[in-house]
Amino acid sequence: MDILTAKRIAVVTGANKGIGLEIVRQLAFNGVMVILTARNEKRGAEAVEKLIKSGVSDVVFHQLDVADPASVASLSEFIKTKFERVDILVNNAGVASLEIDSEVLDSLDGDDTEVNNDDYSAIHQEFDSVVLKELGSNDQQSGGSRFLKVLAAGKETYEKAKECLDINFYGTKRVTEALIPLLQLSNQPRIVNVSSIHGQLQYIPNESIQKQFDDVNDPKEEIKLDEILQKFLNDMQENKLEENGWPTFGSAYKVSKAAMNTYTRILAKRYPSMCINSVHPGYVKTDITWNSGILTVEEGASYPVILALLPDGSPSGLFYDKMEVISF
Ligand SMILES: NC(=O)c1ccc[n+]([C@@H]2O[C@H](COP(=O)([O-])OP(=O)(O)OC[C@H]3O[C@@H](n4cnc5c(N)ncnc54)[C@H](OP(=O)(O)O)[C@@H]3O)[C@@H](O)[C@H]2O)c1
């Protein structure tokens, strides 16, 4: 057997920077052969070069835009030819659904006084319930207020929302479906979906929508997911998010991660011999949070890595907030 195929083989999506890049580094450090993927060839190749220069071996690059079916097919073909199987898939690629107006953000950053208009306090309420509980009291001053400013400078357009669903949820589904046949050839198949606490169903005010996401016993659940997401996009286009009980801030991001979590549960039921879990990596300092996070990428990446390396017989179909199991 080839020395490379004797090792476990992992694929990490969206790995040219942030948590994904660090997941690659930590997996490689643990003796895994990693296929670092990125949508941009140059950024991906540079990331691999940087890792290799820092002493990490057994990392190869392959282009992957999770929003592009041809790119997904090309990755699957590459792996089939070169490695013949996959042991670990980390669906990490993701985008926020907010467009940040950097001029507004700069002006808020330069202003030490708390913004206290109505919009801001609505954001504050939303943010309080979702993220502040993660922050220690000292961090609430720095990370917390910076993130509020990012939210205050952000707006969610229909196009951005559509892109967010297409990358965060449908991208995960596309890559997973393409690689399942290769994961089925593994002795220890693992799928880790890098989700977010923002995707918890409790943040969707409409209980009937919550129930639809939660009903993983329905064999048609996957089709239903498409219907729920289409309804969300229609409501967004018609300005009916609040009226119909969808989240109102970063709504597409939350809905995309809720869908990802439902998909985790569907897959775990469908493939009982695999370990398939969702994980919230914590509130991490990366580009997606405009570097407002409180955890380092090293810490944020460590939780998906633990789940990627779970021993046989470990639980599947769960949602972890870092290492604590939480409700969907
Ligand atoms: N940071 C946090 O606090 C936090 C909290 C909860 C969950 N998460 C999740 O953690 C994951 C990683 O985020 P991060 O914090 O590391 O943010 P990040 O630094 O912005 O990294 C996001 C990565 O996803 C890639 N990506 C975006 N669209 C893609 C596509 N169509 N195909 C392939 N790759 C694509 C980006 O590539 P480009 O460089 O080409 O844009 C980048 O490599 C995301 O799923 C995010 O939702 C993060």
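Select Pro281 first: this residue counts as buried, at 6% relative accessibility. The model on your screen is predicted. Pro281 belongs to the loop between E8 and H11. Now add Glu299 to the selection. Glu299 and Pro281 are 18 residues apart along the chain, and their C-alpha atoms are separated by 8.0 Å.

**Along the loop to Trp290**

Stay in this loop, which runs between strand E8 (275-280) and helix H11 (297-308), and select Trp290 there. Is Trp290 buried or partly exposed? Trp290 counts as partly exposed because its relative accessibility is 31%, and the partly exposed range runs from 20% to 50%. Next, look at the backbone angle phi. Most residues other than glycine have a negative phi. Trp290 has a positive phi, near 50°, and is not a glycine.

**Asp58, another positive phi**

Select Asp58, in the loop between helix H2 (41-53) and strand E3 (59-63). What is the phi of Asp58? The value is positive, about 60°, although Asp58 is not a glycine. The relative accessible area of Asp58 is 23%, so this residue is partly exposed.

**Into strand E3**

Move on to strand E3 and select Val60. With a relative accessible area of 22%, Val60 is partly exposed. Select Val11 as well. Along the chain, Val60 and Val11 are 49 residues apart, while 9.8 Å separates their C-alpha atoms.

**The ligand**

Now select the ligand, which sits in the largest pocket. Show the residues around the ligand: there are 30 of them, and Asn16, Asn92, Tyr253, Val284 and Thr286 come nearest. Two helices to colour are H1 (18-29) and H10 (251-270), since each supplies at least two residues of the shell around the ligand.

Three contacts can be picked out one at a time:

- Thr286: a polar atom of its side chain is 2.6 Å from an oxygen atom of the ligand.
- Asn92: here a polar backbone atom lies 2.8 Å from an oxygen atom of the ligand.
- Asp65: an N or O atom in its side chain is 2.9 Å from a nitrogen atom of the ligand.

How much of the ligand's accessible area does the protein cover? On its own the ligand has 900 Å² of accessible area, and the protein covers 95% of that.

**Thr262 in helix H10**

Go back to helix H10 and select Thr262. Thr262 counts as buried, with 2% relative accessibility. What does the side chain of Thr262 have beside it? Show Phe213 to find out: the backbone oxygen of Phe213 lies 2.8 Å from a polar atom of the Thr262 side chain.

**Two cysteines**

Select Cys164 in helix H7 (residues 158-183). Its relative accessible area is 0%, so Cys164 is buried. Add Ser256 to the view. The two residues are 92 apart along the chain, and the C-alpha atoms of Cys164 and Ser256 are separated by 7.0 Å.

Then select Cys275. Cys275 is buried too, at 5% relative accessibility. How many disulfides does the structure hold? A disulfide is a covalent bond between the sulfur atoms of two cysteines. The structure holds zero of them.

**Last stop: Leu148**

Finish in helix H6 (residues 137-152), where you can select Leu148. Leu148 is buried because its relative accessible area is 4%, and the cut-off for buried is under 20%. Add Leu108 to the selection and compare the two positions. Leu148 and Leu108 are 40 residues apart along the chain, and 9.9 Å separates their C-alpha atoms.

Notes. Residues are numbered from 1 along each chain as its sequence is written. This is a predicted model: local features need pLDDT of at least 70, side-chain atom pairs count only at pLDDT 80 or more; totals for chains, interfaces and linings use all residues. Side-chain values use heavy atoms; hydrogens and water are left out. A disulfide is a pair of cysteine sulfur atoms within 2.5 Å. Buried means under 20% relative accessible area, exposed over 50%, partly exposed in between (1.4 Å probe, protein chains only). A residue is near a molecule or strand if one of its heavy atoms lies within 4 Å of it. A polar contact is a pair of N or O atoms within 3.5 Å; within protein, one must be able to donate a hydrogen and the other to accept it, and residues adjacent in sequence count only if both atoms are side-chain atoms. Accessible areas come from the Shrake-Rupley method with a 1.4 Å probe; for residues, only the protein chains shown count as cover. On a 1 Å grid over the protein atoms alone, a cavity is a set of points where a 1.4 Å probe fits but cannot get out, and a pocket is an open set with protein on both sides within 12 Å along at least five of seven lines; lining residues have an atom within 4 Å of a point. A molecule sits in a cavity or pocket if more than half of its atoms lie within 2 Å of its grid points. Helices (H or I, at least four residues) and strands (E, at least two) are DSSP runs, numbered from the N terminus.
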